[in-house]
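Subject: Structure handover

Dear colleague,

I am passing on the structure below, together with some notes on what turned up when I went through it. Please keep the view open while you read, so that you can find each place as it is named.

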Amino acid sequence: MTTIEEIQQSIAPELQALNDLISRQLESSNSLMNAIVTNYLKTKGKQIRPIIVILSAKMFGAVSRQVIASAAAVELLHNSSLIHDDVIDESKMRRGTPTVNSSWDNHIAVLVGDFFVSVALQQAISTGDIRIVESISDLGKQLSLGELDQIYNARYHTLTEEAYFEIINRKTASLFVACARMGCFAAGVDDERIDTLSMFARLLGECFQIKDDIFDYVATGESIGKPVGNDLREGKITLPLLYALTNSTSPRRQDMVELSRKEQLNDTEIQQLIDFAVEEGGIGYAYAKMASLRDEAAGIIAQFPPSEITRGFMAIFDYIIDREN
């Protein structure tokens with residue numbers, strides 16, 4: 001079975017070109033910005049999103065300068081959203097290192113995030129493809145609306161699985177879809193294959209968010225870099241608890257529904273909701289949903305000729321389901 005590390009190794013020159021480009025484009029005449037950026041770039045994630053851009057392009061053609069610029073655009077926009085999220089959530093750590101807002105302050109962190117957005121747009125423009133520019137512009141809009149949808153639903157207690165999937169499609173899956181589409185555009189693809197690969201990417205993004213939500217109930221704070229129950233503290237009801245609240249036959253169900261609607265939850269109440277989600281099958285349901293998404297995605301990717309790239313895409317799916325942080 002292909003692993004995420006093997007995928008990274010197979011496109012190591014492309015990833016090196018990507019990271020070199022990002023470093024160069026983030027250089028500025030401001031010494032404070034340069035110091036913050038240099039420190040920030042020391043720690044990288046798995047870079048799944050730019051990998052999807054590169055693999056999408058490689059499936060249909062060569063990895064050109066436009067492909068690398070497109071991958072840089074999505075990686076920069078993604079990181080800008082993480083920097084801004086850390087400000088909103090008052091997070092102190094990410095990927096095992098202090099966040100920009102904790103090392104400096106919220107004002108500086110917001111400006112750094114804005115700087116990343118601007119450089120992302122510059123990279124999209126540098127491709128000379130208006131479809132790529134439109135993709136990155138629309139992506140910024142979808143990410144913002146997804147977060148606002150989640151805040152709205154938390155405030156007005158909209159508890160349906162349909163509403164949950166609408167949120168995660170905007171706040172997470174839209175980014176994966178944009179990666180696939182931008183990779184195709186940069187490779188010169190202009191037919192129904194773009195929509196087919198986009199469907200696969202949407203399922204991949206949904207799965208990614210479901211696994212992220214599971215961590216809020218069963219992981220340790222040290223392994224995921226944020227406190228367990230953090231979503232509940234913010235009033236966010238995600239799939240494991242949503243399933244338990246809407247499907248449980250336990251006599252505690254109504255009490256838990258009322259508890260989930262409280263404006264402020266203390267640590268004891270958060271633990272009660274976590275225990276209820278686990279005991280009433282919410283975690284098992286979330287894993288079953290991910291397995292269903294994977295099966296659907298396997299059928300979609302099977303529409304393309306078998307190759308190292310298609311196997312790589314399914315390996316990313318498996319990595320997302322199995323990941324521990």
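A pocket, as the word is used here, is an open set of grid points with protein on both sides within 12 Å along at least five of seven lines. Please bear in mind throughout that this is a predicted model.

With that meaning in hand, you can look at the second largest pocket, which holds about 260 Å³ of space. Its lining is made up of 16 residues, and the ones closest to the centre are Asn39, Tyr40, Thr97, Pro98 and Thr99. Two or more lining residues come from each of helix H3 (31-40), helix H5 (65-89), strand E2 (97-98) and helix H6 (100-103). Sorted by class, this lining has seven nonpolar, six polar and three charged residues.

Helix H5 deserves a longer look. It has 25 residues, which at 1.5 Å a residue should span 36 Å, and because its end C-alpha atoms are 36 Å apart, the expected span and the model agree. Much of this helix is covered, since 18 of its 25 residues are buried. One residue to pick out is Glu75, which sits in helix H5. Is Glu75 buried or exposed? Its relative accessible area is 8%, and buried means under 20%, so Glu75 counts as buried. Beyond its neighbours within four places in sequence, Glu75 is in contact with Ile22, Gln47 and Pro50.

Gln47, one of those contacts of Glu75, leads to a point about the backbone. Most residues other than glycine have a negative phi. Gln47, however, has a positive phi near 55°, and this residue lies in the loop between H3 and helix H4 (48-60). Glu90 also has a positive phi, of about 55°, although it is not a glycine, and you will find Glu90 just after H5, in the loop between H5 and strand E1 (93-94). As for their surroundings, Gln47 is buried, with a relative accessible area of 11%, whereas Glu90 counts as exposed at 60% relative accessibility.

Next comes the nonpolar interior. In soluble globular proteins, nonpolar side chains tend to be buried together. The largest nonpolar core of this model has 103 residues, and those with the most contacts inside it are Ile210, Ile316 and Phe317. Helix H9 (residues 161-186) gives the most to this core, with 13 residues. If you select Phe317 and set aside residues up to four places away in sequence, you will see that it touches Phe200, Leu203, Leu204, Cys207, Met290, Leu293, Arg294 and Ala297.

Finally, there is enclosed space to consider. How many cavities of 30 Å³ or more does the structure hold? There is one, and about 170 Å³ of space lies in the largest cavity. Of the 16 residues that line the largest cavity, Asn153, Ala154, Thr158, Leu159 and Ile237 are the closest to its centre. Helix H8 (130-156) and H9 each supply at least two residues of this lining, and H9 is also the helix that gives the most to the largest nonpolar core. By class, the lining of the largest cavity has seven nonpolar, seven polar and two charged residues.

With best wishes

Definitions and conventions: Residues are numbered from 1 along each chain as its sequence is written. This is a predicted model: local features need pLDDT of at least 70, side-chain atom pairs count only at pLDDT 80 or more; totals for chains, interfaces and linings use all residues. Side-chain values use heavy atoms; hydrogens and water are left out. On a 1 Å grid over the protein atoms alone, a cavity is a set of points where a 1.4 Å probe fits but cannot get out, and a pocket is an open set with protein on both sides within 12 Å along at least five of seven lines; lining residues have an atom within 4 Å of a point. Grid points are joined across faces, edges and corners, and a volume is the space filled by probe spheres set on the points. Helices (H or I, at least four residues) and strands (E, at least two) are DSSP runs, numbered from the N terminus. Ala, Val, Leu, Ile, Met, Phe, Trp, Tyr, Cys and Pro count as nonpolar, Asp, Glu, Lys and Arg as charged, and the others, Gly among them, as polar. The expected span of a helix is 1.5 Å times one less than its number of residues. Buried means under 20% relative accessible area, exposed over 50%, partly exposed in between (1.4 Å probe, protein chains only). Contact means heavy atoms within 4.5 Å. A nonpolar core is a set of buried Ala, Val, Leu, Ile, Met, Phe, Trp, Tyr and Cys residues joined through side-chain atoms within 4.5 Å.
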